[in-house]
Structure formats: structure tokens, C-alpha cells
Amino acid sequence: MYGFLLVAICLFLTMHKPIGIFDSGVGGTSIWKEIRKKLPSEDTVYLADSINAPYGVKSEAEIIELSRKNTEVLLSNNCKLVVVACNTATTNAIDYLRNTFNVPFIGIEPAIKPAALRTKTKKIGVLATKGTLTSSLFHNTSKLYAEGITVMEQEGKGLVELVEAGKENLEETEILLRSYLEPMQNAQIDCLVLGCTHYPYLIPLVQKILSPNVHIIDSGKAVAHQTKVVLEKENLMDISNRKGKALFYTNGKIDVLHNLVKGSHVSVKYLDF
């Protein structure tokens with residue numbers, strides 16, 4: 001009887017632990033927003049490693065080390081599950097994290113499969129960081145799902161930095177984005193995969209540049225769905241009807257992060273990590 005009661009108490013306390021999320025800056029807040037919609041009762045702790053952004057230009061060893069550090073910070077905040085809200089960190093470090101830490105991990109990678117299933121022209125574009133495009137996971141995914149399809153890969157050099165600086169709607173960003181997307185438009189792609197969590201904040205500009213028949217695909221909703229699936233499977237989901245609290249830490253500029261996530265039950269703090 002006492003053993004059963006102790007297990008029940010431990011389970012209850014675990015369910016109320018927060019979901020941890022990290023990214024190389026503010027971009028992963030696009031994933032956080034989808035998780036917030038899908039799981040409104042869950043507390044969340046978000047880690048924005050802006051001082052080290054972008055991860056896409058770093059070596060695999062550097063990305064693994066940064067991902068390890070971020071995970072340790074989240075676990076020190078008592079997180080029950082970690083969402084790696086960064087394509088580059090997922091494609092380079094997710095296996096290491098799963099083999100090193102005893103919590104569930106949810107990764108994110110470019111949505112090649114849904115794009116390959118949707119395309120009619122058999123031509124899709126992928127806008128991503130160098131670290132993602134050169135990873136073995138990305139190439140294996142492309143080989144598995146995109147046979148017979150032309151995949152136009154484009155490194156979005158400089159885009160992460162512009163979003164981190166709060167310049168996602170400025171003319172200089174549009175000019176750079178046009179240089180990346182117009183060749184894809186001329187090649188008649190009908191699907192564009194956004195392979196970095198910073199890029200959804202550029203969607204208004206992307207829609208301005210590309211024709212309306214190009215379907216823009218990111219992984220936010222899929223990640224939120226998978227997070228719910230894993231929480232249910234592991235008996236970790238908060239089933240209360242309360243509004244979950246959201247705590248954001250950044251080692252960069254607080255104002256940029258705050259502008260993206262401001263709202264009730266949200267607090268943004270600077271943390272030197």
C-alpha cells in the first residue's frame with residue numbers, strides 16, 4: 001500500500017516538471033509556440049544560446065559540446081524531457097544526447113518526407129544551415145524519401161544572425177533572402193522546406209518572394225505532436241487544466257527574445273551559461 005502511494009506521488013511530481021527546450025538562439029521559439037498551443041498546461045523552460053549562434057558554421061564536436069552544456073542546464077532546472085529545437089543540433093548531436101542522458105529527447109530535422117510526398121513538379125527546395133546540409137542524417141533522410149526528386153539545397157548564410165538581431169522584416173533581410181530563393185523559384189520548385197527554426201520568422205518575406213503555389217513547410221507542428229506522443233507514452237504529461245508557466249533564459253539580448261514570446265505566464269531572464 002505504502003509502495004503504491006509512493007509511486008503515485010513520484011509520478012505526480014514528475015508530471016508537473018517542465019519541458020526543456022534549447023536552440024542556438026531565439027529561433028526555437030517558433031517550436032515553443034507550437035508546443036504551447038498543443039500542450040497549454042505544461043510548464044516550459046527555454047534556453048536561447050544566442051552568444052554561440054549560429055551553430056550551423058561550427059564543427060560537429062563543437063555542436064555536441066554546446067548541446068551537452070545546454071542539456072545540463074535544462075536538467076538542472078528539473079526538466080522531464082528535452083526538445084532539441086535546432087536542426088543543426090539534432091542532426092549532429094541527438095544520438096550523443098540520447099546515449100548520455102536519462103531523459104527522453106525530441107529532435108527536429110528538415111521535413112524532407114512531407115515535401116517529397118506533396119510535390120507535383122518533383123522539385124523541392126531546402127533552405128538550411130551548413131551544419132544541417134552537410135550532416136549524415138540530412139543526407140540519409142534525403143536519400144530515403146526523395147528518390148526521383150530534385151532537391152535544391154541552399155545554405156541560408158547570414159539569416160540566423162539577422163533574426164537574432166531582430167531584423168527579420170528589414171529590407172537587407174529581404175535582399176539576402178531573394179538571392180537564395182529566386183533561383184529556386186526559377187527552377188519551379190513547389191515546396192520549400194525551412195530547415196532551421198529561425199526561418200519561420202522569415203515566412204512573410206518568403207511568401208513575398210515566392211509564388212503562391214509554393215508550399216512552405218516547417219517542422220513546428222510535427223515536433224509539438226511528437227512531444228505529446230512521448231509524454232503520453234512515458235506517463236509524463238501534465239493533465240491539469242491550469243495555464244503552464246514559461247521561463248526563458250538567454251545569454252544574448254533579452255529584448256529580442258522578449259519581443260518574440262511576450263505574454264501572460266511568461267518570464268524572460270538573462271543567464272550566463
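**Note on strand E3, helix H7 and three backbone features**

1. In strand E3, Leu81 and Val83 point one way while Val82 and Val84 point the other way, and all four residues are buried. This pattern follows a general rule: in a regular strand, side chains alternate between the two faces of the sheet. The model is a predicted one, and the remarks below should be read accordingly.

2. Strand E3 has pairing partners in E1 and E4. With strand E1 (residues 19-23), E3 pairs in the parallel sense over four bridges. Within this pairing, Phe22 stands opposite Val84 of E3. Strand E4 (residues 105-106) is joined to E3 by two bridges, and these two strands also run parallel. Here Val83 has Ile106 in E4 as its bridge partner. The connection from E3 to E4 passes through helix H4 (residues 87-100), and this β-α-β crossover is right-handed.

3. Which residues of helix H7 (residues 136-145) are buried? They are Phe138, Thr141 and Ser142. Viewed down the axis of H7, the buried residues fall within an arc of 100°, and therefore they line one face of the helix. The general background is that an α-helix has 3.6 residues a turn, so residues three or four places apart point the same way. On the other side of H7, Ser136, Lys143 and Leu144 are exposed.

4. The cover over the buried residues of H7 includes two helices, H5 (112-118) and H6 (130-133), and two strands, E5 (123-128) and E6 (150-155).

5. Three backbone features merit the attention of anyone preparing this model for calculation. As a reference, most residues other than glycine have a negative phi, and most peptide bonds are trans. The peptide bond between Ala53 and Pro54 is cis, with omega of about 0°. Pro54 lies in the loop between strand E2 (44-48) and helix H3 (60-76).

6. Asn78 is not a glycine, yet its phi is positive, at about 70°. Asn78 is placed in the loop between H3 and strand E3 (81-84). Its relative accessibility is 42%, so Asn78 counts as partly exposed, the range for that class being from 20% to 50%.

7. Lys122, likewise not a glycine, has a positive phi of about 65°. The loop that holds Lys122 is the one between H5 and E5. With a relative accessibility of 44%, Lys122 counts as partly exposed. Both H5 and E5 are among the elements that cover the buried residues of H7.

Notes:
Residues numbered from 1 in each chain as written. Predicted model: local features only at pLDDT ≥ 70, side-chain atom pairs only at ≥ 80, totals over all residues. Heavy atoms only, no water. Buried < 20%, exposed > 50% of the residue type's maximum accessible area, 1.4 Å probe, protein only. Arc of directions from axis to C-beta. Contact = heavy atoms within 4.5 Å. Pairing = 2+ DSSP bridges. Right-handed = clockwise from strand over helix to strand, strands pointing away.
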